[in-house]
Amino acid sequence: MVSRSLSLPLSNCRSHQNPTPNLNFSQLQNAISNLDLTSNNQQHTRHKLITSSILLKSCIRSHNFQLAKLLHLKLTESRLPLDSLLLNSLITLYSKCGEWPHALSIFQTMDNAKKDLVSWSAIIACFANNNMDFKALLTFLDMLQNGFYPNEYCFTAAIRACSNAQFCFTTGRAVFGFLLKTGYFDSHVCVGCALIDMFVKGGGDLDSAYMVFEKMRERNVVTWTLMITRFMQLGFAGDAVDLFLRMLVMTEYVPDRFTLTSVLSACAEMELLSLGKQLHSWVIRSGLSSDVFVECSLVDMYAKCGSVENSRKVFDRMPDRNVMSWTALITGYAQGSGHEQEAIKLFCEMMLQGHVVPNCLTFSGVLKACVNLPDFGFGEQLHSQTIKLGFHGVNHVGNSLVNMYARSGRMDCARKIFDILFKKNLILIDTVAEENTEILNSEEAFGHEIEHNGTGANAFTYACLLSGAACIGTIGKGEQVHARVVKSGFGTNLLVNNALISMYSKCGNKEAALQVFNDMGGVRNVISWTSIINGFAKHGFATKALELFNEMLEIGIKPNDVTYIAVLSACSHVGLIDEAWKHFNSMRFNHGIVPRMEHYACMVDLLGRSGLLSEAIEFINSMPFDADALVWRTFLGSCRVHRNTELGEYAAKMILEREPHDPAAHILLSNLYASEGRWDDVAAIRKNMKQRKLVKEAGYSWIEVDNKVHKFHVGDTLHPQAQKIYNELDELASKIKKSGYVPNTDFVLHDVEDEQKEQYLFQHSEKIAVAFALISTPNPKPIRIFKNLRVCGDCHSAIKYISVVTGREIVVRDANRFHHIKDGKCSCNDYW
DNA sequence: ATAGGGTTAG
């Protein structure tokens, strides 16, 4: 754990500048246009070729690819006989600017006698850098057959080619073994770097990558930065920061723009504001403020650390504001709750200025701000904008749209977009698979454009699809994605596995979630553990959740704040009061995690559910900050369960003080009155809401059958099988009444006669969905129902009886948790 | 001559 008051030994660092300054653009341009390539004698020719070679190298190093191509053109026109030196540089040029077919044709037209080890290394690197791993390895073998023995540069290229899932565990490990045996492992810093990336990119194997890093004889600032960055990117921000501090203390390397970008991201992730501030001052002192990457990381860091004002200040002072800068700030506002309007304002400002064109990430960010907007209009406008710009099918944007629609209860829209994404990715994955087979079968593996940049589905694509499936609760689609994951070799990827755990959990299949978790073996991070703990907690298996939490502590994984929300909610769902207090105290004292509003809300929930209402109030009053609406809403829920109108009214008042336009508070209060039969008060609230134009969120349930989502509202008759569903409901009603079910009309919130109330009860969307599931799915299969609000108490009781009379297992996911109902018992122990 | 590290997202 990084101490928050730590002062960095940054002042000890002195900047080492590159000793040989590169030629700038105009110097290069002049030199190339003045270059006279006509020549009359051999001596002359040699000299010109050397000059060209130096210029070419300089262009490549400074990324002036256009000038380099101009020079190539002049060389071709001069008809001078180019030597290996120049030809090799040209291969590198086209490799680096992504025009690999040119590189290949230069290599192919070279005389075999002219091809030296460098030429082979360059073309292998070219394939490896342009996503043609298989061709790179074939060429490597070809080179060996031609009698060349690889050196460290050549190995570096070959190792890079092993950096994907297919090759990492086979060829990659073989190459690694060979390097260790021959002593090549230590031959060059770059070999180590390539190996680190092979393990990281090939299967998220940070342990092996770190082992390589530790065992390297020689390291430099690039090596350290690489390792720091990979820790950070794979979700180990804490280790990234630790490693960075070690670099400062143990070495004399100076963090540069690359190092700072990564460490700042890690600070953002861990909300280390004070370290972030120290880094900020280092950025200013070392003159890196003009680097747009570093500045964006600063904007992001301040926003994630909850200091949006500083974020804004950095942004306002940025000399060079591009899409990235705008997006970083917009996203910053969208993430911090309460700044959604500011995010939207900023987005509009950016559009009005018109200098900067939004990209996919910009839309991802601003769409996030729309999730909780009461008015759907702006989000819909953004949606149509993304369609116009062709972004709606892009994974991140699509996922944000799915998220926005799903969270605001518009399941139909969410599902439509999810299907577009799903179909698109299936096609993409199939195409790539086919193309790879084609390469494997083809005699001349070279030649035609098969693998091009960036089309393949990657780990993020899968994670995105899985989280979409989790949101909507379509386990069928989720399983299909899982099959693809395995087929395409992403089965060992950390990110993907974490997404799988949460998908199975959120879709109600905790066994499958556990299976994925168990199969991960040692490659798990705090997110994997938190996901599985949260899964069990939400399903009401608190003992299992807490067991897993203890196991996690034992093997030395540091829990984070989210882990504790899962742990506390596990205790809360089964009423483990002492256990909860133990963890609540331990999180601060043993792990240095300061409890947030959510943690306090968990404790209030726990106390309130157990009927300790006055303790709960006392607890709320002892909080170090003012309780927000979430805490009071939680408390109000308990008041209703324990029928304490007095405290309930007080809680509702507190909510409405904080969020006067929250329809949920009005509804909860009206439910409270209704359960006591105070119909006049109910009517008064309804009238008040009507005047304020507050709309209550309509309750509905849905279920996936044969890959199709069926959604039901209260009293729904729109389904094509409505008649059959209601017949089934009637039958169920009489069956469960015979076995002891008594309708609980407290849950009907209309002032009507008892018999009529019962009628209303049997029109609840949960019951309709269950009836539909019973007539449309085969017997042993568990039924999985989803509801946007909390499940109603009468439905809960009725479904328990239904599970007995039908012998089916019924899983209900409501807004709060899971109910596994089997043989008349529910995993929540009727405590929710 | 051939080699290696960065940003904003879900």
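# Exercises on a protein and DNA strand B

Glu-271 is partly exposed, with a relative accessible area of 42%. Here, partly exposed is the band between buried (under 20% relative accessible area) and exposed (over 50%), found with a 1.4 Å probe on protein chains only.

The model is predicted, so local features need pLDDT of at least 70 and side-chain atom pairs count only at pLDDT 80 or more, while totals for chains, interfaces and linings use all residues. Residues are numbered from 1 along each chain as its sequence is written, chains are lettered from A and ligands numbered from 1 in the order in which they are written, and side-chain values use heavy atoms, without hydrogens and water.

## Exercise 1: Loop residues

**Task.** Find where Glu-271 and Asn-131 sit between helices, and say what sign the phi of Glu-271 has.

**Solution.**

Step 1. Start with the helices, which are DSSP runs of H or I with at least four residues (strands are runs of E with at least two), numbered from the N terminus. Glu-271 falls in the loop between α14 (257-270) and α15 (273-285).

Step 2. Look at the backbone. The phi of Glu-271 is positive, about 55°, although this residue is not a glycine.

Step 3. Turn to Asn-131, in the loop between α6 (117-129) and α7 (133-145). Asn-131 is not a glycine either, and its phi is positive at about 60°. Its relative accessibility of 40% makes Asn-131 partly exposed.

Step 4. Try a loop residue with a distance to check. Asp-36 is in the loop between α1 (25-34) and α2 (42-61), and is partly exposed at 41% relative accessible area. From Asp-36 to Ser-78 is 42 residues in sequence, and 9.2 Å in space, C-alpha to C-alpha.

## Exercise 2: Meeting the DNA

**Task.** How many residues surround DNA strand B, and which helix gives the most to the surface near it?

**Solution.**

Step 1. Decide what "near" means: a residue qualifies if one of its heavy atoms lies within 4 Å of the molecule or strand. By that rule, 47 residues surround DNA strand B, and the closest are Cys-190, Asn-220, Asp-291, Met-324 and His-396.

Step 2. Sort these residues by class. The surface near DNA strand B has 14 nonpolar, 22 polar and 11 charged residues. In this scheme Ala, Val, Leu, Ile, Met, Phe, Trp, Tyr, Cys and Pro are nonpolar, Asp, Glu, Lys and Arg are charged, and the others, Gly among them, are polar.

Step 3. Pick out the helix. α12 (residues 221-233) gives the most to this surface, with seven residues.

Step 4. Switch to the DNA side. Of the atoms of DNA strand B within 4 Å of the protein, 38% belong to sugar or phosphate and the rest to bases.

Step 5. Zoom in on single atom pairs. For Asp-291, a polar side-chain atom lies 2.5 Å from a base nitrogen of DNA strand B. For Thr-225, the distance from a polar side-chain atom to a base nitrogen of the strand is 3.2 Å. Lys-57 places a polar side-chain atom 3.3 Å from a phosphate oxygen of the strand.

## Exercise 3: An enclosed helix

**Task.** Why is α24 largely enclosed by the rest of the structure, and what follows this helix?

**Solution.**

Step 1. Check the length. α24 (residues 459-472) has 14 residues and reaches 20 Å from its first C-alpha to its last, close to the expected 20 Å. The expected span is 1.5 Å times one less than the number of residues.

Step 2. Count the buried residues. Of the 14 residues of α24, 11 are buried, so the helix is largely enclosed by the rest of the structure. Among them are Thr-461, Tyr-462, Leu-465 and Ile-472.

Step 3. Go to the end of the helix. Gly-473 follows α24 and has a positive phi, near 75°.

Step 4. Look for a partner of α24 residues Thr-461 and Leu-465. Asn-425 touches both of them and also Asn-395, leaving out residues up to four places away in sequence; contact means heavy atoms within 4.5 Å. Asn-425 lies in α23 (residues 411-441) and is buried, with a relative accessible area of 0%.

## Exercise 4: Two domains

**Task.** How far apart are the C-alpha centres of domain 1 and domain 2?

**Solution.**

Step 1. Take the bounds, which come from an automatic or database domain assignment: domain 1 is 458-524 and domain 2 is 700-826 of chain A.

Step 2. Read off the distance. Their C-alpha centres lie 29 Å apart.

Step 3. Check for touching residues. 15 residues of domain 1 are in contact with 10 residues of domain 2.

Notes: Polar contact = N/O pair within 3.5 Å; in protein donor to acceptor, adjacent residues only side chain to side chain.
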